[in-house]
Amino acid sequence: DSIANQIAAGEVIQRPASVVKELVENSLDAGARQIRIVLKDAGRTLIQVIDDGKGMSPADAQMAFERHATSKIKSVDDLFALHTRGFRGEALASIAAIAQVELKTRRPEDEMGTWLKIAATKVESQEPIACGVGTTISVKNIFFNVPARRKFLKSNETERRNIFTEIERIALVNPDIEFIVIENDLQTLHLPPANLRQRIVQMQGKNINQQLIEINEDTTLAKIHGYISTPQYARKGRANQFFFVNNRYIRHPFFHKAVMTAYEPLISASESPNYFIYFEVEPDTIDVNIHPTKTEVKFENERALWQILMVTVKESLGKHNAIPSI
Ligand code: ADP
Ligand code: MG
């Protein structure tokens, strides 16, 4: 059917960063509290995600790599079913088709875990193994069997940046989850469990703390919360600007304009503020570009939300400067 076509295999996994995103989201779905991401050569030779989630039974472990085996898609709307991240039943199958995959997993109720090896979609071996509760998935030599794709990979620096972009987006909606990144045997990132403000500081550095202004608005169309930066800290050039809807990162140029409009009287045209803005809306009031890897979203009440966002930011800036807003 058309949905299946739209999410055709290779589309889901385009680069090491896609693997990281899919594996980490699975770990979150499994209720992990700590997620370790191990990388070699910017994910080119190894991407390993180790979680302390609920694990899988031996039968589930084997099933997990079958295409559509776990698909929860019933309609197009479900493609961005925002109450659960895992909605395609496609990611592990896609990964197993283009890499050498190993899985170790154990549920708390099982005495022994399962150790599974897969290459080019075929289960090569499955045996019991003693291991901790949770799941470790190792993805080796991405695109080993797809030379065209392998050639398409960018420099390690670029692939690494893409990976960290995904990790950052995920970490910013899961501040209470611990993330550890180990690259070529060195720990390069450690985010202990935190609240949102602390998580932003962990990611952006201590200097950002003093410039954060909390925003909070509750309307019938949306709840909006998060942090914006004081105008004094707006800088020339690129800033850290994030929108999330229902805990998913989105790009939204139109809402970006709303934020900039609120800042306009306070900063010069070449400056950009930092912002971390979270929307919560009813899932049926947004429409997502059919492709699951896209970050564009259309809101039903876009104009009204533009206004709400603009006023929320403006008032928060006004309150912060103790000057009357509007
Ligand atoms: P989806 O997440 O859309 O269901 P995936 O291909 O990403 O599809 O994963 C397939 C299934 O494998 C999941 O539904 C889940 O049951 C299981 N699974 C994958 N990763 C984990 C994990 N880290 N911990 C527990 N179960 C997992
Ligand atoms: Mg998944």
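This passage walks through the strand pairing in a predicted model, starting with a five-stranded sheet and then turning to the strands around β1.

The sheet of 5 strands is an open one, and reading across it gives the order β9-β10-β15-β12-β13. Its pairing is mixed. At the two edges sit β9 (212-218) and β13 (248-250), each of which pairs on one side only. Going from one strand to the next, the twist averages 20°.

Inside this sheet, β10 and β15 are neighbours in the strand order. Strand β10 covers residues 223-229 and strand β15 covers residues 275-280; the two run antiparallel, with 6 bridges joining them. As for who faces whom, Ile-228 stands opposite Tyr-275 in β15.

Now for β1, which spans residues 34-40. This strand is joined to β7 (residues 178-183) by 6 bridges, and here the two run parallel. Val-38 has Ile-182 of β7 as its bridge partner. Strand β1 also pairs with β2 (residues 46-51), again through 6 bridges, but this time the strands run antiparallel. In that pairing, Ile-35 is matched with Asp-51 of β2. In general, strands of a sheet pair through backbone hydrogen bonds, and either direction will do, parallel or antiparallel.

β1 and β2 form a hairpin, with 5 residues between the strands. One residue worth picking out in this hairpin is Asp-41, whose phi is positive, near 50°.

Definitions and conventions: Residues are numbered from 1 along each chain as its sequence is written. Chains are lettered from A and ligands numbered from 1 in the order in which they are written. This is a predicted model: local features need pLDDT of at least 70, side-chain atom pairs count only at pLDDT 80 or more; totals for chains, interfaces and linings use all residues. Two strands pair if DSSP finds at least two bridges between them. Helices (H or I, at least four residues) and strands (E, at least two) are DSSP runs, numbered from the N terminus. Axes are lines fitted to C-alpha atoms, for helices over the stretch in contact, and angles run from 0 to 180 degrees between N-to-C directions.
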